[in-house]
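User: I am new to this structure and should like to understand the terms used to describe it. Please explain how each description is reached.

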Amino acid sequence: MSTSSVNQRNGTHRSSLRAHSSASTSAAAHKPSLKSKTVLRKSSPAALGSGSSAAAGSKSGNGGDAGVPGRVRVAVRLRPRNGEEMIADADFADCVELQPEVKRLKLRKNNWDTDTFEFDEVLTEYASQKRVYEVVAKPVVEGVLDGYNGTIMAYGQTGTGKTYTLGQLGEEDVADRGIMVRAMEDILAQVSLETDSISVSYLQLYMETVQDLLDPANDNIAIVEDPKSGDVSLPGATLVEIRDQHSFLELLQLGEAHRFAANTKLNTESSRSHAILMVHVRRSLKTESNGNSHMTKSLKPPVVRKGKLVVVDLAGSERISKSGSEGHTLEEAKSINLSLSALGKCINALAENSSHVPFRDSKLTRLLRDSFGGTARTSLVITIGPSPRHRGETTSTIMFGQRAMKVENMVKLKEEFDYKSLSKRLEVQLDSLIEENERQQKAFVDEIERITVEAHNQISEAEKRYANALEEEKLRYQNDYVESIKKLEENWSKNQKKLAAERLALGEKNGLDITSNGNRSIAPALEEVSELKRMVQKEAQLKMAAEEEVNRLKLQLTESKKVEVSGNSEIMRLHKMLETETQQKEKLEEEIATLHTQLLQLSLTADETRQNLERHGSQKTSGGALDSFMSQLKLPQIQDPGNAEKPPVAKLFEQEANQQQIVEAGGLTSLLMLLRNTEDETIHRVAAGAIANLAMNETNQELIMDQGGIDLLSSTAANAQDPQTLRMVAGAIANLCGNDKLQTKLRSEGGIAALLGMVRCGHPDVLAQVARGIANFAKCESRASTQGTKRGKSLLIEDGALSWIVQNAKTETTAIKRHIELALCHLAQHEGNAKEMVKEGAIWELVRISRECSREDIRSLAHRTLTSSPTFLTELRRLRVDIR
Ligand code: ADP
Ligand code: MG
């Protein structure tokens with residue numbers, strides 16, 4: 001006979017197999033483990049209802065809660081042989097054989113017969129604690145984190161490893177950590193302690209009394225059921241908030257210690273009591289934004305998911321009579337076993353889908369009502385030992401597990417809306433909105449104030465601008481007005497002039513007419529009137545000009561005041577320069593005097609030498625004499641340039657007697673040689689000065705000319721840099737110009753050209769000498785023309801001197817001016833020059849001289865000249881210039 005059942009839940013195939021012994025199978029005699037393989041599968045009887053999810057769904061009577069049906073998952077775990085069993089059962093095989101790969105367990109009935117059972121998980125003696133946690137507990141823990149209730153229970157005979165499986169702390173070996181420790185690790189890893197909370201109660205149930213393992217004094221805790229939701233709670237139990245793994249381990253240790261103490265006190269063993277760990281997990285879900293407005297979102301209350309994990313380390317499943325030694329009364333024994341046997345009954349009822357489940361029969365079943373067979377995910381691990389000696393207990397444990405596999409739970413999501421926190425949140429939001437509103441109001445008022453101030457500023461700015469513009473416009477119009485008045489006046493005066501002219505013209509015409517008509521009285525009157533008008537206008541113009549002049553002078557005054565300061569310093573500077581110049585001049589004059597003396601001495605020496613030579617008929621050349629002359633000339637200058645003890649001989653060359661002596665001594669020749677043979681400008685200057693002095697004498701003039709003086713003086717002038725050198729040269733030529741006999745020769749040898757060439761230097765001393773030369777030359781020419789020896793144009797004019805004369809006639813330098821005036825007068829004496837003088841504008845200079853010259857004789861000479869020349873007279877008449 002065999003019975004079997006197959007459960008199909010949620011599309012997963014789960015079979016509970018009840019293997020029936022088959023003695024008839026011959027193979028079983030040899031290999032019993034293989035023999036007992038008869039597995040019968042039938043459609044599930046109505047034990048747990050139809051098993052369809054739809055039917056399960058309809059079973060939920062929780063007001064439309066979408067409960068998810070889930071069967072209690074059952075795992076079997078075999079404890080390895082312990083030391084005692086190794087010895088005692090050494091010759092015996094284990095009473096069970098596990099086939100984890102097919103999740104089956106074979107229970108040996110005897111040497112040839114086995115029963116096979118199928119479980120959700122089959123965990124061999126080698127199964128690690130980690131694996132056990134993962135297959136038994138992890139799905140439940142995950143459910144709790146998702147907001148479902150979850151229960152993990154261990155059921156089995158004392159000493160088979162319930163506590164090891166559930167409560168092992170693993171302090172010595174982390175691999176030993178049991179389900180409680182690992183579950184808390186998982187929970188802590190998943191939750192956020194900022195928004196979520198974990199709290200723990202640890203209880204012991206013994207003889208239908210719930211004791212608080214976290215507070216031993218609290219030894220009779222009431223179990224409260226919510227009649228509506230069916231939720232079970234223990235309001236009296238200590239609830240400890242867990243924030244880390246360490247505190248949880250401490251809590252478990254504390255609980256264990258209290259359990260030990262309580263059992264000692266009650267003279268019992270922990271194996272007779274149930275240990276219950278309750279972990280409450282409360283998680284806040286982050287409400288997802290669905291695109292609605294902020295307001296809608298905030299009005300949605302936050303969702304809180306509450307999950308409760310209950311871990312129950314059940315009392316040993318062995319019968320009390322069997323353990324024996326405790327010496328309890330029968331009543332006590334009944335009470336001790338009550339909860340566990342009630343659990344068995346409930347599981348049976350649930351497995352059979354009975355209409356009545358006796359949850360209320362015990363504290364344990366009441367406590368587990370919302371966990372086991374209720375709305376939770378539940379895992380049951382049944383622990384068995386390998387010893388054949390305990391086959392009976394092992395069998396009953398397996399049967400318990402098998403029945404539990406048929407129990408179906410309605411898993412219900414424990415999710416609720418947290419209206420309290422919603423209200424709190426809304427209040428906070430409201431407050432912040434009120435604050436924000438106040439801030440905005442303040443900002444608004446400030447902004448209005450700012451805008452008002454700004455507007456006021458802009459208005460006053462605009463008013464100011466308007467007033468300015470008005471003022472400007474007014475000024476502009478006033479100017480325009482004045483301007484137009486001026487224009488009108490101008491126009492008026494123009495018209496007046498025009499009118500006057502017209503009248504005049506008309507008057508003349510009329511006058512003629514009148515003449516012809518014999519009426520002559522009106523014409524002179526008209527003329528007089530227009531004349532008067534003209535005078536008046538002229539007067540007005542003069543006045544205006546005078547006013548302008550006054551203004552200009554005023555400006556100049558201010559300007560000159562400014563310049564005065566800088567002018568003063570310039571004057572100081574010039575004064576200093578003048579002083580320096582004067583000192584230099586004095587020094588030079590001293591040098592010249594020294595040189596004159598030396599020259600005189602040398603000349604005398606040279607003369608003596610010459611006479612000696614003539615006497616002795618020596619063949620020595622003049623070059624040798626020159627050499628000694630030069631060395632003697634230079635030597636004293638170097639040795640003692642400023643010898644003050646020597647007598648002053650500055651006038652040496654100017655004194656006629658001396659001059660005669662010097663010339664006779666060959667001094668003139670030597671001086672000309674100096675000009676020819678040296679390049680030293682100082683020597684040139686001194687020599688030229690000496691020559692100039694000598695050139696005042698008529699005889700010397702001829703001598704100079706004979707010895708090629710003009711040529712030497714010309715080239716000296718061409719090479720000279722110093723104005724004083726040029727002054728000496730110009731002076732020498734100027735003296736030569738005064739010789740009547742030398743006029744033609746002087747001119748043909750380039751004397752006039754040399755003279756005119758020196759004006760390039762622009763120095764007034766030089767210019768004065770040039771002017772003097774020209775005047776001398778002109779005087780000689782005029783004399784010659786008077787005597788009738790000279791005809792034709794002046795040689796001066798032919799050499800282009802006239803334009804220079806005219807240009808410099810108005811000079812401020814008296815010395816130049818005087819010579820030029822004389823030159824002009826002399827040139828004008830000769831009628832042959834008159835035409836050219838008219839052409840070059842010299843006539844106007846003559847007119848000016850005749851009127852303005854300070855020297856009376858020149859003034860009258862100019863006058864005389866102008867009036868005696870027919871050419872000039874004609875020209876003056878033509879130009880209506882009156883020289884009277
Ligand atoms: P129970 O709580 O069911 O009475 P325990 O958990 O106290 O049994 O186990 C009894 C003994 O057996 C302990 O010493 C325990 O360490 C050991 N034990 C139980 N299960 C195992 C196992 N799977 N592997 C190793 N030792 C185990
Ligand atoms: Mg135990």
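User: What makes helix α30 mostly covered?

Analyst: This is a predicted model, and the answer rests on values computed from it. Helix α30 spans residues 842-852, and 8 of its 11 residues are buried. The buried residues are A842, I843, E845, L846, V847, R848, I849 and S850. Buried means under 20% relative accessible area, so each of these residues falls below that cut-off.

User: Which helices cover the buried residues of α30?

Analyst: The cover includes α27 (801-808), α28 (814-829), α29 (831-839), α31 (856-868) and α32 (870-878).

User: Which residues of α29 are buried, and what covers them?

Analyst: In α29, N833, A834, E836 and M837 are buried. Their cover includes α26 (795-798), α27, α28, α30 and α32. Just after α29, G841 takes a positive phi of about 85 degrees.

User: Why is the pair formed by Y155 and F400 called stacked?

Analyst: The structure holds 1 aromatic pair. The ring centres of Y155 and F400 are 3.6 Å apart, and their planes meet at 5 degrees. Rings pair if their centres lie within 6.5 Å, and planes under 30 degrees apart count as stacked. Both conditions are met, so the pair is stacked.

User: Why is this pair said to tie together separate parts of the sequence?

Analyst: Y155 lies in strand β9 (residues 149-156), whereas F400 lies in helix α13 (residues 391-404), so the pair ties together parts that are 245 residues apart in sequence. Both Y155 and F400 are buried.

User: How do you know that T160, T163 and Y164 make polar contacts with ligand 1?

Analyst: A polar contact is a pair of N or O atoms within 3.5 Å. For T160, a polar backbone atom is 3.3 Å from an oxygen atom of ligand 1. For T163, a polar side-chain atom lies 2.8 Å from an oxygen atom of the ligand. For Y164, a polar backbone atom is 2.9 Å from a ligand oxygen atom. Each distance is within the cut-off, so each counts as a polar contact. Taken alone, ligand 1 exposes 550 Å², and the protein buries 65% of that.

User: What makes up the shell around ligand 1, and which helix gives the most to it?

Analyst: The residues around ligand 1 include R77, R79, P80, Q157 and K162. The shell divides into 2 nonpolar, 6 polar and 3 charged residues. Helix α6 (residues 162-167) gives the most, with 3 residues.

Definitions and conventions. Residues numbered from 1 in each chain as written. Chains lettered and ligands numbered in written order. Predicted model: local features only at pLDDT ≥ 70, side-chain atom pairs only at ≥ 80, totals over all residues. Heavy atoms only, no water. Near = heavy atom within 4 Å. Polar contact = N/O pair within 3.5 Å; in protein donor to acceptor, adjacent residues only side chain to side chain. Areas by Shrake-Rupley, 256 points an atom, 1.4 Å probe, with all protein chains shown as cover. Helix = DSSP H or I, 4+ residues; strand = E, 2+ residues; numbered from the N terminus. Nonpolar A, V, L, I, M, F, W, Y, C, P; charged D, E, K, R; others polar. Buried < 20%, exposed > 50% of the residue type's maximum accessible area, 1.4 Å probe, protein only. Contact = heavy atoms within 4.5 Å. Phe/Tyr/Trp six-rings, centres within 6.5 Å; stacked < 30°, edge-to-face > 60°.
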